[in-house]
Every structure is written in structure tokens, then in C-alpha cells.
Amino acid sequence: MHSNSKKIVITGASTGIGYELARLFTDHGYFVYGSVRREEDAERLSASFGENFRSLLFDVTDHDAVQKAAWQVTQDLGEQGLDGLINNAGIAIGGPFIDLSTEDFLAQFQVNVFGLVAVTKAFLPLLGARESNAQNPGKILMISSVAGKQGMPFMSPYSGSKFAIEGITECLRKELMLFGVDVVLIEPGPIKTPIWDKGISDLLETRFKDSPYQEVLANYENKFLKPAIKKALTAENAAQKILRVFEKKKPKARYVMLKNKFTNWTLPQLLPSRMVDKVIGKLLGLSK
């Protein structure tokens, strides 16, 4: 480890945005602790990123493993502390509310919300949230989503978890002013990652084959998801934007990252909710 390099923890580093963040930050001279769930991923990333990278083996839902990882980093850094934490790990569960189980919602929140809380609490002392702290305070980036401000059909577990992250972050950002630790929300739109590899068509033939929303789900895939994926940011492009935010001395409280921002973000925020519902309902065939 280079003693003069900045140190950062990135969760969910094995694929997607997390992988690109780990690659980009190590390329820019940071020492990255990246969380992965499998030993083979730890070995792969260590081989790819070299001496500026160290894997932390834990699932964010295993709170004991999270605490153990924080202890390991503390042993490495001592009083030096961390410069940053990027809460990136997450999953996406979707489908018609009436066809989803309570367990689906529990699984979604265990990873995206309670996992994020466990990781943040474990690493806060290393970021400077402690009494008699001599280090420069660190920075926390919460990877949320535009779904944390705008709810779309068939995304209630995922969108609900991101709304929760938004609320937690709004409170935490104010509380951590006491220690000088900044907290920033990152709200990406669709990103080209492996999460899209399994389309709704597969689910229509299996899990949702008897759903009353079959036709609407097909419309959702063809008229919303596929066009959105074509226009989505790449994981590499999103990582570059996130790095720039992290390195800002005085960042904004939140950053929306998506193409056609006015049409896809600003305008729906300005229009009455019922009007937006009507447009979406007509597009997908939800309106009767």
C-alpha cells in the first residue's frame, strides 16, 4: 500500500459500476478496498488492479462479515483513516406488486437499504465520525437512482429501496456536519450492466405467466425498457462522472446522471403527478 495515496472503500466491486469505479480509482492513484462476495472474484480483481487494490470478502447482508472487514481496514490504516466510501452494492427486484411476495421486498431492502446502513455504520469511524479525530474527514457517496425520486410501474421493491436511501441520506448528510463528513447522492438513470441481460420476456414465460399484467408487461419491455437501455449510459461513463463528483471540493448534495435530462427528469418533476400517470398508463395500456 502506498502511504501517500488516498484510501477508499467501494462496495459491489465485482461487476458493473462497482468494477469500473474500482478500475478508475486505482488508475487515478487511489488505494481501493473493494467488496466482493466470492473468493474467485477477489482473486480476479486483485490480478486485474494490482497493488493499489485489496479485496474485502463480504456480503452486505452479513453484518458480522461487514464489521470484520471494517476491523481489517482499521488494522491496515490505523489513525490514517479513509478518504471515502462509495455505497454501490445493490440488486434490482421488479414485477407487478400483486405477483410479488413479501419475501421479494425483504430481499430487496436487506441488500439495498439495511446492507448500506450496516456498511456505513461500520466504516464511519474510519471516515472521521468519531470524537478526538485528527484526520481530514472523508466523503460518502450513496449510489441511489432516479427511481429514488420517480416511481415507475413494476419497480416497487427497487424504487422503494431507493426512496429509503434518499431519505436516510438526507438525514445523515445533516447529522455528519458535526464531524465534517460529507454525504452525496448519486442518482443514475439506466446503466448498461448485466442486470438487463435477463429481460421481461423470460419472466413472462415463467414467474408471471399467469399475471393479469402479461400484456402490459410486454408493452413495458418493448416501449420503455428496450428504448431506455439503448440510450443508457455505460458503466464506464457513469464511473467517470462519479469520480469527478468525488474529487470536487464542494460537491452538490445530489447529482442526476442520465441522458435527455429535461425530458426524462425535469419535466416529470414539474408536471402534476396525475398527468404523468395518464401518459404512462396510455403508453403501457394500463388505463381503462
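**Exercises on strands, salt bridges and a surface patch**

Strand β1 (residues 7–10) and strand β4 (residues 84–87) pair in the parallel sense over three bridges; strands count as paired if DSSP finds at least two bridges between them. The model is predicted: local features need pLDDT of at least 70, side-chain atom pairs count only at pLDDT 80 or more, and totals for chains, interfaces and linings use all residues. Residues are numbered from 1 along each chain as its sequence is written, and side-chain values use heavy atoms, without hydrogens and water.

**Exercise 1.** Find the bridge partner of I8 in β4, and state the order of the strands in the open sheet.

*Solution.* Step 1: I8 has G84 as its bridge partner in β4. Step 2: the open sheet has seven strands, in the order β3-β2-β1-β4-β5-β6-β9, with parallel pairing. Step 3: β3 and β9 (254–257) are the edge strands, each pairing on one side only. Helices (H or I, at least four residues) and strands (E, at least two) are DSSP runs, numbered from the N terminus.

**Exercise 2.** Describe the salt bridge between R254 and E187, and decide whether each residue is buried or exposed.

*Solution.* Step 1: a salt bridge requires a side-chain nitrogen of Lys or Arg within 4 Å of a carboxyl oxygen of Asp or Glu. In this pair the closest N and O atoms are 2.5 Å apart. Step 2: R254 lies in strand β9 and E187 in strand β6 (residues 182–188), so the pair, 67 residues apart, links distant parts of the chain. Step 3: buried means under 20% relative accessible area, exposed over 50%, and partly exposed in between (1.4 Å probe, protein chains only). R254 is therefore partly exposed at 24%, and E187 is buried at 0%. Step 4: both residues belong to a salt-bridge network that also includes E166, E170, R173 and K174.

**Exercise 3.** Identify the residues of the nonpolar surface patch and the helix that gives the most to this patch.

*Solution.* Step 1: patch residues have over 30% relative accessible area and no salt bridge; like charges are joined within 9 Å, and nonpolar side chains (Val, Leu, Ile, Met, Phe, Trp, Tyr) within 5 Å. Areas come from the Shrake-Rupley method with a 1.4 Å probe, and for residues only the protein chains shown count as cover. Step 2: F262, L267, L270, L271, M275 and V279 make a patch of about 570 Å². Step 3: α9 (261–270) and α10 (273–284) each supply at least two residues, and α9 gives the most, with three. Step 4: V279, in helix α10, is exposed at 56% relative accessible area.
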